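Reader: Hello! I am new to this protein and would love a guided tour. Could you show me the model and take my questions one by one?

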Amino acid sequence: MTSRRSFLALAIACLCVPLADATEAQVAVDTPRIAVSDAWARATPPGLDLSSAYLSITNRGSRADLLLGASSPVADHVEIHRTLMEDDLSRMRPAEQLPLPPGATLRFAPTGLHLMLVGLSAPLHEGKTVPLVLRFRDAGNLTVHVHIRPLGATAAHHGH
Ligand SMILES: [Cu+2]
């Protein structure tokens with residue numbers, strides 16, 4: 001009797017484990033863990049082959065992730081920079097890999113973090129979009145469309 005009961009308990013436990021896994025996997029696929037909004041970059045003036053891109057990255061998952069880097073097919077390479085004030089001068093410094101805790105939002109804006117598109121293969125024209133690939137440790141590669149705004153643009157335009 002006792003051994004039969006424990007066999008039943010084991011059988012139920014074995015049934016339950018794969019079911020629980022399947023549910024978890026489904027949630028992970030259905031729910032985007034990383035959300036990107038307001039991706040934009042400035043149009044380039046003639047003769048300049050670099051520009052800055054700005055966006056907001058939110059971790060909607062339950063685990064921390066890390067932004068490792070970025071790239072774009074229209075640029076030789078993309079650098080993560082941080083603008084700092086040193087001796088009353090605004091300077092750019094390369095940023096390290098950026099942690100993204102659950103629920104946190106990384107904001108790239110003209111006065112702080114930005115992505116430098118270095119060695120553009122063609123000028124960036126206002127009104128167009130260019131692809132940007134963000135590389136995360138866990139979420140992998142995420143491609144976003146960066147909207148090109150006028151040369152003098154300083155803030156994200158909130159249009160819906
Ligand atoms: Cu920079």
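**A tour in questions and answers**

Author: Happily, and let us start with a caution, since this model is predicted. Over residues 156-160 the pLDDT stays under 50, and the model has four contacts beyond four places in sequence for them.

Reader: What is the average pLDDT of the protein?

Author: Let us look at the whole protein now. Residues with a score of at least 70 make up 76%. The average pLDDT of the protein is 82.

Reader: Over which other residues is the pLDDT below 50?

Author: There is a stretch with one contact in the model beyond near neighbours in sequence. The pLDDT there is below 50, and the stretch is residues 10-31.

Reader: How many strands does the protein have?

Author: Read along the sequence, the pattern is α-β-β-β-β-β-β-β-β-β-β. That gives one helix, and the number of strands is 10.

Reader: In which sense do strand 1 and strand 2 pair, parallel or antiparallel?

Author: Strand 1 covers residues 34-42 and strand 2 covers residues 50-59. Within this pair, valine 36 of the one stands opposite isoleucine 57 in strand 2. Six bridges join the two strands, and the sense is antiparallel.

Reader: Which residue in strand 10 stands opposite alanine 41?

Author: Strand 1 also runs parallel to strand 10 (residues 140-149), with three bridges joining them. Opposite alanine 41 in strand 10 stands isoleucine 148.

Reader: Which residues have the most contacts inside the largest nonpolar core?

Author: This core has 24 residues. Among the elements that give two or more residues to the core are strand 3 (65-71), strand 4 (75-86), strand 8 (113-120) and strand 9 (129-136). The residues with the most contacts inside the core are Ala53, Leu115 and Leu132.

Reader: Leaving aside neighbours within four places in sequence, which residues is leucine 115 in contact with?

Author: Leucine 115 is one of the residues with the most contacts inside the largest nonpolar core. Ala53, also named there, is one of its partners. The full list for leucine 115 is Ser52, Ala53, Ala70, Val78, Ile80 and Phe108.

Reader: Is aspartate 38 exposed or partly exposed?

Author: Aspartate 38 lies in strand 1, and its phi is near 50 degrees, a positive value in a residue other than glycine. A residue is buried with 20 or more other C-beta atoms within 10 Å, and exposed with 12 or fewer. Aspartate 38 has 17, so it counts as partly exposed.

Reader: And aspartate 88, is it buried or exposed?

Author: Aspartate 88 lies in the loop between strand 4 and strand 5 (89-94). Phi of aspartate 88 is near 65 degrees, again positive in a residue other than glycine. Because aspartate 88 has 5 C-beta neighbours inside 10 Å, it counts as exposed.

Reader: How far apart in space are proline 99 and phenylalanine 136, C-alpha to C-alpha?

Author: Proline 99 has its place in strand 6 (residues 98-100). Beyond four places in sequence, proline 99 is in contact with Ala64 and Leu66. In sequence, proline 99 and phenylalanine 136 are 37 residues apart. In space, C-alpha to C-alpha, the distance between proline 99 and phenylalanine 136 is 9.7 Å.

Reader: What share of the residues in the protein is buried?

Author: Proline 99 is partly exposed because it has 13 C-beta neighbours inside 10 Å. Of the 160 residues in the protein, the buried share is 19%.

Terms used: Residues numbered from 1 in each chain as written. Predicted model: local features only at pLDDT ≥ 70, side-chain atom pairs only at ≥ 80, totals over all residues. pLDDT = per-residue confidence, 0-100. Contact = placed C-beta atoms within 7 Å. Helix = DSSP H or I, 4+ residues; strand = E, 2+ residues; numbered from the N terminus. Pairing = 2+ DSSP bridges. Core = buried A, V, L, I, M, F, W, Y, C linked by C-beta atoms within 7 Å.
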